[in-house]
Amino acid sequence: MARIFVEGWDPDYGTPLDQDDALSPAEGSVDTSVETDDWAPIEGGDDGVDRIAFVDGVRRVDARLTLDDPERGPTPGLVGTFAVGAVVWDRETRRSEVADVRIERWAVLAGGSGEQMPAVDLDPGVGTTRAPGDDPNLLMMALHSKMRDAEGECAEALAADCAVVADGPLKKIREHATVGYVKTHRVNYLEAPFSGVIAELAPGQRSPMFTIASDTPYARYSWYLRLAMLQGGHSWTGVVRCETSGRLGRDQATSIADRTAAVLPLVASEPQVDPRAPQNLVPIGALERELRHRMGDRGLVYRTLRHAVMREAS
Amino acid sequence: MSDESTQVGRVLGSQHSSTSAFRVVLDDDNFLQLDDLVVVRTQVPKAGEVRTYGVVTEAEAVYEGASYESDTHRIAELGIMPAAKVRTAQVQVTRVDPEVWVSPDPGETVERATGDERAKALYVDEMSRPLAIGIGRDELPVHIDLDFFDGRKGGHMSISGISGVATKTSFALFFLRMLSAREHAGLVGEGAANMRVLVFNVKGEDLLWLDRANSRFDDEAREGWAALGVEPTPFPSVAFWAPPKRRSGDVVVPDTGGRFDGIDVFSWTPREFIDDDLMQFCFTDANDAKNQIPFIRERVQTQLKRFAVNVAGRPGAVVLRDPSQTPGARWGAQEVPAGPGEPVIDDLASLVTALEVFLEPEDGSEPDQAWTGRVMPSTVSAFMRRLHAAASRLGHLVRAGESRRIDRGSATVTVVAIQSLHEQGQRFVVGALLNETFREKEETGRRLPLSVIVLDELNKYAPREGSGPLKDMLIDIAQRGRSLGVLLVGAQQTASRVAPEVLENAAIRVSGRLDAAEAERAEYGWMLPSTRARARVLKPGTMVISQPAIPVPLVVTFPFPPWATRKEEVDEAPGPDPFAGLQPPAPPPG
C-alpha cells in the first residue's frame with residue numbers, strides 16, 4: 001500500500017519527482033552492470049580534494065520584441081540576460097568565493113533577415129541571434145542554449161584545478177571529470193529491482209553506477225545519492241542523480257562517485273533556508289543569488305532597451 | 001591637497017546620502033572608529049567642488065550575501081557559502097563648505113580629515129576664540145568657541161551625568177583650569193587676570209586640594225596636557241573658605257575634616273544678615289513659598305532694617321529699637337549702648353528671640369501688625385517655627401564680631417566648603433553668595449571681569465518643581481547673567497529635575513555617563529540617538545559636548561588633573577633635606 005507525502009519543495013519549483021514514464025528510459029540503453037551486479041547501497045568516500053567548484057547559470061527575459069516585417073507580418077523575439085559563474089570552495093582554508101562570472105545579453109529573433117539590435121548603452125551590450133522558429137519556447141531555448149554553452153566553458157576552464165560540480169545534466173560530454181548534478185528526476189533510469197536500492201540509501205551513500213546511452217557519443221556514468229533524510233520524507237527524499245563523462249575510466253568514475261556521495265551532503269541546504277532543500281546546494285543557492293544580482297536591474301535594462309530602439313527609430 | 005594615504009573608503013551608493021548623514025564603505029586596509037572626522041569632495045555641476053565634513057557616529061559590519069542568520073556558520077565556519085565582509089561607518093555631517101547644501105556623491109572617496117581639514121570639520125576656523133576643552137580621538141584638542149560661554153554670543157554651561165563615573169566636577173574644574181590658564185589669557189581677553197570663580201564644595205572635600213600637586217599625575221596625563229598646550233600645574237590662585245565649627249566657643253575653627261591650614265572661616269554678622277536681606281535664604285524649601293510666608297518674611301525684613309541699631313563696642317551686633325525714637329526716623333550708622341536687660345542680637349538665635357517679642361508675644365497678646373501684616377496667626381507661627389529650625393541648623397553662620405564675609409576678590413578661584421552644612425544651610429550660603437555676586441555685577445553693569453559660578457547638584461537649588469528665592473535667582477542669573485558676565489557652570493545627575501529655564505539658557509552642554517532611562521528624556525534632545533546610546537557606557541574622563549557653533553555633539557576626553565582631588569593624592573614635599581638649614585625655607589604652596 002502506497003503512502004501519501006507532501007513534498008518539501010516550494011510548489012512553484014515543481015517537484016523533485018517529475019517522473020514521466022513515457023520518457024523512461026529516455027536515451028539509449030541503461031547498463032546496470034558497469035560497476036557491479038550486486039545492487040546495494042555503497043558508502044561514499046571523501047578523497048580530500050581541496051578545491052571544489054560549483055558551476056551554475058541563471059537567465060531571465062528582460063523584454064519581449066516584435067519584428068514588424070512588412071511582408072511576413074509581425075514575428076516575436078525577446079531580449080534576455082544570462083549570467084554564469086562558479087563558487088570555488090577551498091576546503092583547506094574553509095572559504096568560498098564567487099569566480100569566473102560571465103554575463104551576456106542576447107536579442108533572440110524568430111524571423112527577419114539580418115536585422116540587428118541597435119546599440120544599447122549597457123555593459124555588456126546586447127548581441128543578436130536567431131531562433132529556428134517562432135514558437136516562444138524556441139526563443140527561450142535559444143537563450144538557454146547560449147547559457148548552457150557558457151556554463152560548459154566555465155566548467156571546462158575550472159576543471160584544470162578543481163573538482164567541478166555543474167548544475168543540471170551534462171550538455172557536452174568531454175574527457176574531463178565534471179560532475180553533472182541533477183536535482184529533479186524527470187526520467188526514470190532504473191527499473192525494478194534496481195530502483196529499489198534508492199529507497200535503501202542513507203545520507204552519504206550512493207547507488208552503484210550505471211551507464212546511460214553507453215553506445216552513443218553521449219555515454220555517461222550515472223548514480224543516485226542521498227543528501228539528507230528529511231523528517232516526514234518519502235523513500236526518494238533528498239535523492240539526487242549525478243553523472244560524469246562516459247569517456248573516463250571506470251576507476252576514475254568510481255572515485256568521483258564516491259567523493260560526491262561523501263561530500264555533497266556537507267553542502268546540502270536546509271529546509272528553513274531554501275525552498276528546494278536539500279537538493280539546492282548551499283554554494284549554488286548563493287551563486288544564483290549573486291548571479292541574479294550581477295545581471296543588473298531588470299527595470300533599468302528594460303528602459304535602456306526602449307530608449308535605444310526609440311532613438312534608432314527617430 | 002588630496003593625499004592618497006588618507007583615503008578610508010567611499011560613500012555608500014546603495015542608500016541615499018543626504019546633507020545631514022551618509023555612510024562610508026571602508027577600504028579593506030583601513031578603518032574608521034567613532035568620533036573620527038572625515039571629508040568628502042564632491043564635484044557639483046555649476047557650483048564646483050563642495051566639501052562635506054562629518055563625524056563618525058556608528059561603525060558596522062555585515063556579511064554581504066548572507067540572507068539568514070545561520071548563513072554566518074556556512075560562511076565563516078564551514079566555508080561552503082561565498083560572502084563578502086563589508087564594513088561601513090555612519091557619518092553625521094558637521095559642515096558643508098562652501099555652503100552649497102548638496103549631499104556627497106555616492107562612490108566618492110572619503111578621506112580622514114586632518115590638519116586644516118580637521119579644523120574646518122570642527123569649525124575651528126570660524127571660531128573667533130577657540131578654547132581647548134578636551135582631547136579628540138585623534139589626540140588633538142577639541143575646542144569650544146569662548147564667545148558662547150563668556151556671554152558675547154551665549155553663556156553658561158550645563159553638565160549632566162550620574163555620580164561617580166560621570167566626573168562632572170572634575171570636568172568643571174578642568175574647564176576652569178583651561179579658562180584660567182596663563183596660556184589662554186590672550187583668548188579670554190581683557191579682564192582675564194581679574195576673572196573670579198566661585199566654586200562650592202558640596203560633597204566630600206574633593207575641592208580642598210586644588211592648590212596641591214597630585215602624586216598620581218603621570219606621563220600619560222602629562223601628554224594630555226601637552227596636547228592641550230597648557231602647563232599642568234595646580235590652580236595657582238585659590239582661596240578656601242569653610243563655615244566655623246559649631247560650638248567651638250570663641251576659637252573660630254574651620255569645619256573641615258582633612259585640611260585646616262590655608263582655610264579661612266566665613267560667617268555673617270547680624271548686621272550683614274539684616275542689611276543683605278539674608279533672611280530670605282532661610283526660606284528656600286519648596287514648601288516655604290506656599291501660603292503667606294513670603295509675605296510675612298518680606299515684612300519682617302523691612303522692619304528689621306528700620307529697627308536695627310548698631311551696638312557700641314559690639315561690632316556686628318544690633319539691638320531692635322523703634323526708629324520713631326530718632327530724628328528722621330532712621331538709625332543709619334548710629335551706635336547706641338545697649339540698655340540694661342535689652343536683648344542684644346549677636347547671633348541668629350538671639351535674633352529669633354528678639355523677633356518673638358513682636359510676632360509671638362509671651363503674654364499671649366496679639367502680635368504687632370506692623371511686623372506681621374494681616375496674615376493668619378497660623379502663618380505667623382509657621383514662620384516662627386521655620387526661623388527656629390533655621391537657627392538650629394545654620395545659626396552658627398551668623399555671629400557678631402569682626403566681619404568674616406567671603407572675600408571673592410582675594411584669589412582667582414574661591415572654594416567655599418559647604419559639605420558639612422545641613423541642606424538648608426547649604427542653600428543659605430549658596431543663596432547669600434550668589435545674591436552678593438549678582439547684585440555686585442548689577443551695580444557695576446559691566447560684563448568684565450567675568451564672574452564664574454560652579455554649582456553641583458543644581459537640582460537642589462533650582463528644582464523643576466516649586467519656587468523659592470534661590471530658584472528665582474538662579475533663573476535670573478541664567479537669563480540675565482550672560483550680559484552681566486555672571487556665568488553659571490551648573491552640574492546635575494539628572495537634568496530632568498532641574499528648572500528648564502536654567503538648562504535652556506546654557507549654551508554649552510556637557511554630559512558624562514547617563515542613566516539609561518535618563519538618557520531618553522527630552523532634556524538630552526541635543527544628543528544624536530547614537531550618542532545617547534553611548535552616553536550609557538561612557539568611561540570616566542569622557543564627555544559629550546554640544547555647542548551652538550557645531551551642529552553635532554562631540555565626544556572628548558580630558559586628562560587626569562595635576563592637582564590633588566583628595567588628601568591621599570597630595571604630593572607631599574620630599575622629606576627634610578639634611579642640608580636644609582643651609583637654604584632659606586621654601587614658601588608654602590598656595
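The exercises below deal with chain B of a predicted model and with the contacts between chains A and B.

Local features need pLDDT of at least 70 and side-chain atom pairs count only at pLDDT 80 or more, while totals for chains, interfaces and linings use all residues. Residues are numbered from 1 along each chain as its sequence is written, and chains are lettered from A and ligands numbered from 1 in the order in which they are written.

**Exercise 1.** Describe the overall make-up of chain B.

Solution. Begin with secondary structure: chain B has 16 helices and 21 strands. Helices here are DSSP runs of H or I with at least four residues, and strands are runs of E with at least two, numbered from the N terminus. Next take the extent: along the principal axes, the C-alpha atoms fill a box of roughly 105 × 70 × 50 Å. Then take burial: of the 590 residues in chain B, 45% are buried. A residue is buried if 20 or more other C-beta atoms, placed from the backbone, lie within 10 Å of its own.

**Exercise 2.** In which order do the strands of the sheet containing E13 of chain B stand, and which are at the edges?

Solution. The order is E14-E13-E15 in an open sheet with mixed pairing. Strands E14 (314–320) and E15 (335–336) of chain B are at the edges, because each has a single partner strand, so one side of each lacks a neighbour in the sheet. Two strands pair if DSSP finds at least two bridges between them. Strand E13 (residues 308–311) of chain B runs antiparallel to E14(B), and four bridges join them. One position to inspect is Val309(B), whose bridge partner in E14(B) is Val319(B).

**Exercise 3.** Characterise the side of chain A that touches chain B.

Solution. Count first: 16 residues of chain A are in contact with nine residues of chain B. Contact requires C-beta atoms, placed from the backbone, within 7 Å. Then assign elements: strand E4 (73–90), strand E5 (95–109) and helix H4 (282–294) of chain A each give two or more residues. H4(A) gives the most, with five residues. Finally, sort by class: nine residues are nonpolar, one is polar and six are charged. Nonpolar covers Ala, Val, Leu, Ile, Met, Phe, Trp, Tyr, Cys and Pro; charged covers Asp, Glu, Lys and Arg; the others, Gly among them, are polar.

Definitions and conventions:
Contact = placed C-beta atoms within 7 Å. Buried ≥ 20, exposed ≤ 12 C-beta atoms within 10 Å, placed from the backbone.
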